[in-house]
Amino acid sequence: MGLFTPYKKSANKFSYIPRFYDPVKEARELRRRELRGESVETDNAEYTPGMYLRTQREARAERRLNSAGRRTNKGSGLIMVAGALLLLLFAYMLYPRIMELLSMSGNRQRVQTVVEEFDPYAPILIVPNDYEE
């Protein structure tokens, strides 16, 4: 702590940081207050459960409504029709093959295998190896 001296090297300075109006900051704070559900009317109001969620949901719905008005989805109906036609084409092409497979499985005769006792003196059946040429 310094002692009192009548001789100073510099004058006392007042540390004043000037404040000014920042429109970007004001808009940001206003947006945050809207999202939190605060306004001049609700500053003194008592909190009710879900109050902030409701205001966020309403703001989001309004934003979506505004953005939905700008863009139109005319191509989505066309895409759905093209998809349905493609699905019908595949069904038309694959239906005969599927029915053929089902009819072949129904006509196939069941081979009955008879289990005989092991005969060590029976001739061995030799099957040619088709894998090697």
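Accessible areas here come from the Shrake-Rupley method with a 1.4 Å probe, and for residues only the protein chains shown count as cover. The model is predicted: local features need pLDDT of at least 70, side-chain atom pairs count only at pLDDT 80 or more, and totals for chains, interfaces and linings use all residues. Residues are numbered from 1 along each chain as its sequence is written, and side-chain values use heavy atoms, with hydrogens and water left out.

**Exercise 1. Describe the fold and the surface of the protein chain.**

Step 1. Take helices (H or I, at least four residues) and strands (E, at least two) as DSSP runs, numbered from the N terminus. The protein chain has three helices and zero strands. Its pattern along the sequence is α-α-α.

Step 2. Turn to the surface. The protein chain exposes about 14700 Å², of which carbon and sulfur atoms supply 60%.

Step 3. Apply the classes: buried is under 20% relative accessible area, exposed is over 50%, and partly exposed lies in between (1.4 Å probe, protein chains only). Of the 133 residues, 2% count as buried.

**Exercise 2. Check the length of helix 1, then find its salt bridge.**

Step 1. The expected span is 1.5 Å times one less than the number of residues. Helix 1 (residues 23–36) has 14 residues, so it should span 20 Å; its end C-alpha atoms are 20 Å apart, which agrees.

Step 2. Look past the end. Gly37 follows helix 1, with a positive phi near 85°.

Step 3. Search for salt bridges (a side-chain nitrogen of Lys or Arg within 4 Å of a carboxyl oxygen of Asp or Glu). The whole structure yields one. Glu34 and Arg31 form a salt bridge at 3.7 Å, N to O.

Step 4. Place the pair. Both residues lie in helix 1, three residues apart, about one turn of the helix. Glu34 is partly exposed because its relative accessibility is 42%. Arg31 is partly exposed too, at 33%.

**Exercise 3. Locate the surface patches.**

Step 1. Patches need residues with over 30% relative accessible area and no salt bridge; like charges are joined within 9 Å, nonpolar side chains (Val, Leu, Ile, Met, Phe, Trp, Tyr) within 5 Å.

Step 2. Arg54, Arg57, Arg60, Arg63 and Arg64 make a patch of positive charge. Arg54 sits in helix 2 (residues 51–70). Its relative accessible area is 38%, so Arg54 is partly exposed.

Step 3. A nonpolar patch includes Leu86, Phe90 and Ile98; its members together have about 1100 Å² of accessible area. Leu86 belongs to helix 3 (residues 74–107). Leu86 counts as partly exposed because its relative accessibility is 46%.

How values were computed: Lys, Arg positive; Asp, Glu negative; His and termini not counted. Charge placed at Lys NZ, Arg CZ, Asp CG, Glu CD.
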